[in-house]
Amino acid sequence: MSGVYVHIPFCKQACHYCDFHFSTQLGKKEAMVNALIKEMELRKEELPNELVETIYFGGGTPSVLSNDEIEQLIQTVYSNYGVIDQPEITLEANPDDLSSNRILQLSKTTINRLSIGIQSFFEEDLKLMNRAHNASEAENCIREATKYFDNISIDLIYGIPGMSNDCWKTNVQKALDFGLPHISSYALTVEPRTALKKFIEKGVVPDVDDEQAQEQFHILVDTLEANGFVNYEISNFGKPGYFSKNNTSYWLGKTYLGIGPSAHSFDGQHRSWNVRNNVKYIKSIEARELPNETETLTQTDRYNEYVMTGLRTIWGVSLERITTEFGTKYVDYLNQQSQRFLEQGLLQLTEGKLLTTKKGKFLADGIASDLFFLQ
């Protein structure tokens with residue numbers, strides 16, 4: 001089984017914290033949709049023996065596309081690849097695009113999962129991040145979406161400068177009050193070359209407090225788990241039966257095809273990525289040339305990636321799989337390197353699988369880097 005990810009590189013405005021590839025100039029939207037279609041056609045041989053089980057529209061802001069444009073892209077997937085019955089088809093959307101009528105019309109398409117970029121229910125947080133929606137739009141769009149969609153996820157951000165633990169608890173409780181089956185939640189990170197980075201350097205905005213972010217992460221985990229959610233990946237919480245099939249496929253090392261500028265693809269042995277430039281991408285595709293670079297992953301690359309993704313999930317890192325796929329050299333190294341984290345109570349070994357403990361979960365990426373095999 002595999003997935004198709006379609007990157008829609010447009011946004012109405014730039015969020016202060018975002019370093020994803022996008023443009024606020026929508027003039028080339030039609031040319032971009034045509035290029036996305038052509039790229040799928042050019043790459044139709046890349047999933048010869050795979051059935052597509054997930055189609056995911058990410059960005060950027062995919063909801064800037066019309067419903068007709070989205071359906072056109074979905075039908076192109078069906079025309080060029082084998083697709084299972086009832087695949088998970090997700091659209092990332094922002095509240096300001098989700099009017100009552102738009103939600104109603106989306107419910108008539110083949111999209112069956114919405115991922116809504118709420119980030120916060122507080123006006124001051126949304127203004128600090130330069131989100132295009134306001135607090136009332138955040139609540140209204142969820143209220144409307146739950147009338148037509150069963151499978152809904154929202155994004156929330158913690159560790160926002162100035163956000164108290166009480167405000168964070170209110171954010172989480174509001175999400176629970178809507179009865180949503182899935183929540184993705186991320187710590188605010190300060191990326192280079194973003195407006196947020198510049199504001200912090202100039203003292204306009206206080207820096208992110210890592211200790212408070214960790215406190216808010218634990219509040220999140222405790223609250224959601226007490227309400228029937230499974231923290232199946234560090235940043236993702238789902239009710240049973242509502243885990244994101246798209247995201248899960250990445251963490252379990254399944255193949256996926258990334259369509260659009262900056263999109264990444266993976267076939268188990270190779271990783272490729274498209275150019276991060278809309279004009280270059282469109283010109284290249286129009287010339288029937290793929291604007292991508294490819295790297296072949298070494299055995300050590302694949303081991304390191306498995307450790308990184310495994311420690312972030314409830315499935316952990318299987319010592320048996322390490323032995324089978326990579327050899328005793330790697331499993332001996334892993335056992336040696338993980339010993340101090342086991343002693344510190346940050347990792348646990350359960351049924352032959354290395355897992356982060358509740359105490360170690362927030363630190364998973366740092367722990368994983370210490371378990372990497374260095375060539």
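## Working through the backbone, helix contacts and cores

Let's start at Gln 86, which sits in strand 3 (residues 82-93). Keep in mind as you go that this is a predicted model.

**Exercise 1.** Find the sign of phi at Gln 86, then decide whether the residue is buried or exposed.

*Solution.* Step one: phi of Gln 86 is about 55°, so the sign is positive, even though the residue isn't a glycine. Step two: its relative accessible area is 75%. Step three: exposed means over 50%, so Gln 86 is exposed.

**Exercise 2.** Do the same for Glu 351: which element or loop holds it, and is it buried or exposed?

*Solution.* First, locate it: Glu 351 is in the loop that links strand 14 (347-350) to strand 15 (353-356). Next, look at the backbone: phi is near 50°, again positive in a residue other than glycine. Last, apply the over 50% cut-off: with 80% relative accessibility, Glu 351 is exposed.

**Exercise 3.** Which two residues does a cis peptide bond join, and where does Gly 60 lie?

*Solution.* The bond links Gly 59 to Gly 60, with omega about 20°. Now place the second glycine: Gly 60 belongs to the loop between strand 2 (51-59) and helix 2 (67-80).

**Exercise 4.** Work out how helix 13 and helix 14 are oriented towards each other, and which residues make the contact.

*Solution.* Begin with the axes. Those of helix 13 (residues 328-343) and helix 14 (residues 364-371) come within 9 Å and cross at roughly 140°. Roughly antiparallel needs an angle over 145 degrees, so helix 13 counts as oblique to helix 14. The crossing is right-handed. On the helix 13 side, the contact uses Tyr 333, Leu 334, Gln 337, Ser 338, Arg 340 and Phe 341; helix 14 brings Ile 367, Asp 370 and Leu 371. Sorted by class, these residues are five nonpolar, two polar and two charged.

**Exercise 5.** Repeat the analysis for helix 11 against helix 14: what is the angle, and what does the contact consist of by class?

*Solution.* Helix 11 (residues 299-311) packs on helix 14 at about 155°, the axes being 9 Å apart. That angle passes the 145-degree cut-off, so this pair is roughly antiparallel. The handedness is right-handed. Tyr 303, Val 307, Met 308 and Leu 311 of helix 11 meet Ala 364, Asp 365, Ile 367, Ala 368 and Leu 371 of helix 14. By class that gives eight nonpolar, no polar and one charged.

**Exercise 6.** How many residues make up the largest nonpolar core, and which of them touch the most other members?

*Solution.* The core has 77 residues, and the ones touching the most other members are Ile 8, Phe 57, Leu 73, Ile 111, Ile 116, Ile 118 and Ile 154. Now zoom in on Leu 73: skipping neighbours within four places in sequence, its contacts are Ile 8, Val 33, Leu 36, Ile 37, Met 40, Phe 57 and Leu 65. There's also a second, separate core of 21 residues, including Leu 319, Phe 341, Ala 368 and Leu 371. As background, nonpolar side chains in soluble globular proteins tend to be buried together.

**Exercise 7.** Where is Asn 165, and what does it touch away from its own stretch of sequence?

*Solution.* Asn 165 is in helix 6 (residues 165-177). Ignoring residues up to four places away, it touches Gln 212, Glu 215, Gln 216 and Ile 219. For a distance check, take Thr 255, 90 residues apart from Asn 165 along the chain: their C-alpha atoms are separated by 39 Å.

Note on methods: Residues numbered from 1 in each chain as written. Predicted model: local features only at pLDDT ≥ 70, side-chain atom pairs only at ≥ 80, totals over all residues. Heavy atoms only, no water. Helix = DSSP H or I, 4+ residues; strand = E, 2+ residues; numbered from the N terminus. Buried < 20%, exposed > 50% of the residue type's maximum accessible area, 1.4 Å probe, protein only. Axes fitted to C-alpha atoms, helices over the stretch in contact; angles between N-to-C directions. Parallel < 35°, antiparallel > 145°, perpendicular 65-115°, else oblique. Left-handed = near helix turned anticlockwise from the far one by under 90°. Contact = heavy atoms within 4.5 Å. Nonpolar A, V, L, I, M, F, W, Y, C, P; charged D, E, K, R; others polar. Core = buried A, V, L, I, M, F, W, Y, C linked by side-chain atoms within 4.5 Å.
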